[in-house]
Amino acid sequence: MAAAPRAFANPAHPNAAELLASLPRLRRYARALRRNDEDADDLLQDTLERAWSRARLWQGVGDMRTWLFSIMHNLHVDALRRGRLDTVDLDEQTPEVPVAPTQGQILVLRDLDAALAALPAEQREVLLLTALDGLAYAEIAQALGIPIGTVMSRLSRGRERLRGLM
């Protein structure tokens, strides 16, 4: 009779549950950064792969969620610098929606989405981490690798600009 493989005998890493609990927020942030479901899923997968390959560092991580957001942010910025983000050119051949939506909420969300897209990436990232994920200023500063004063400044400027665009 064959023995059970050793890989299944080992218990899961103690911080694995914390990593799994962060998945919905990470996916939401990835979708906001990439604005495309497939690209967002790729970014999330790359983030999880990077985090899992560095599981030995988890003991030194104070806040798993902040650490994961930091990894995702850095991967996104690296992709922007390399120009690896997939883009779709819009031209006259792109079909338009034949009927404008009549629901007020849909229009407001569309306007908000367009206004967020018009913000500089630095302001948009801080706004999303604050509003969507409820991170504290210190957590955002740690995740993005910037001083807390810069977080507050970007957030203030982003909110003001968003008000103007809306």
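Mentor: Let's start with a term: a salt bridge is a side-chain nitrogen of Lys or Arg within 4 Å of a carboxyl oxygen of Asp or Glu. Keep in mind that we're looking at a predicted model. Ask away!

Trainee: How many salt bridges does the structure hold?

Mentor: Side chains of opposite charge can pair when their charged atoms come close. Apply the 4 Å cut-off to nitrogen and carboxyl oxygen, and the structure's count of salt bridges comes to seven.

Trainee: Let's pick one. Which residue forms a salt bridge with arginine 27?

Mentor: Look for the carboxyl oxygen that sits 2.7 Å from a nitrogen of arginine 27. That distance is inside the 4 Å limit, so the pair counts, and the partner is aspartate 41.

Trainee: How many residues apart in sequence are the parts that arginine 27 and aspartate 41 tie together?

Mentor: Arginine 27 belongs to helix H3, while aspartate 41 belongs to helix H4. Both ends of the pair are partly exposed, arginine 27 at 29% relative accessibility and aspartate 41 at 32%. Because the two residues lie in those two helices, their salt bridge ties together parts whose separation in sequence is 14 residues.

Trainee: Now aspartate 113. Which residue does it pair with in a salt bridge?

Mentor: The closest N and O atoms of this pair are 3.0 Å apart. Aspartate 113 is in helix H6, and its partner is in the loop between H3 and H4, 78 residues away, so distant parts of the chain are linked. That partner is arginine 35.

Trainee: Is arginine 35 buried, exposed or partly exposed?

Mentor: Arginine 35 comes just after H3, where it takes a positive phi of about 60 degrees. Buried would need under 20% relative accessible area and exposed would need over 50%. Arginine 35 has 43%, so it counts as partly exposed.

Trainee: And which residue meets arginine 163 in a salt bridge?

Mentor: Stay within helix H9 and step three residues along, which means about one helical turn. Both residues of this pair are exposed. With N to O at 3.0 Å, the partner of arginine 163 is glutamate 160.

Trainee: Let's zoom out. How many helices does the chain have?

Mentor: Start at the N terminus and read the elements one by one: each of them is α. There are zero strands, and the helix count is nine.

Trainee: How much of the chain counts as buried?

Mentor: The accessible surface of the chain comes to about 11000 Å², with 54% of it belonging to carbon and sulfur atoms. For burial, count residues under the 20% cut-off. Out of 166 residues, the buried share is 34%.

Trainee: Which helix gives the most residues to the largest nonpolar core?

Mentor: This core has 33 residues, and Tyr29, Leu68 and Phe69 are among those with the most contacts inside it. Helices H3, H4, H5, H6, H7, H8 and H9 each supply at least two of its residues. One helix gives seven, the most of any, and that's H5.

Trainee: Which residues does phenylalanine 69 touch, leaving out those up to four places away in sequence?

Mentor: Phenylalanine 69 is one of the residues with the most contacts inside the core. Take heavy atoms within 4.5 Å as touching. The list for phenylalanine 69 is then Arg25, Leu26, Tyr29, Leu129, Asp133, Leu135 and Ala143.

Trainee: Which helices do the buried residues of H3 pack against?

Mentor: H3 has 12 residues and spans 16 Å from its first C-alpha to its last, close to the expected 16 Å. Its buried residues include Leu26, Tyr29 and Ala30. Those buried residues of H3 pack against H4, H5, H7 and H8.

Trainee: What distance separates the C-alpha atoms of leucine 48 and leucine 19?

Mentor: Leucine 48 is in helix H4 and is partly exposed at 21% relative accessibility. Leu19 is one of the residues it touches, along with Leu23 and Leu26. Although leucine 48 and leucine 19 are 29 residues apart along the chain, their C-alpha atoms are separated by 8.5 Å.

Trainee: Last one! How much accessible area do Tyr137, Ile148 and Met152 have together?

Mentor: Tyrosine 137, in helix H8, is partly exposed with a relative accessible area of 30%. Together with Ile148 and Met152, Tyr137 forms a nonpolar patch on the surface, and their accessible area is about 250 Å².

Key:
Residues are numbered from 1 along each chain as its sequence is written. This is a predicted model: local features need pLDDT of at least 70, side-chain atom pairs count only at pLDDT 80 or more; totals for chains, interfaces and linings use all residues. Side-chain values use heavy atoms; hydrogens and water are left out. A nonpolar core is a set of buried Ala, Val, Leu, Ile, Met, Phe, Trp, Tyr and Cys residues joined through side-chain atoms within 4.5 Å. Buried means under 20% relative accessible area, exposed over 50%, partly exposed in between (1.4 Å probe, protein chains only). Helices (H or I, at least four residues) and strands (E, at least two) are DSSP runs, numbered from the N terminus. Accessible areas come from the Shrake-Rupley method with a 1.4 Å probe; for residues, only the protein chains shown count as cover. The expected span of a helix is 1.5 Å times one less than its number of residues. Patches are made of residues with over 30% relative accessible area and no salt bridge: like charges are joined within 9 Å, nonpolar side chains (Val, Leu, Ile, Met, Phe, Trp, Tyr) within 5 Å.
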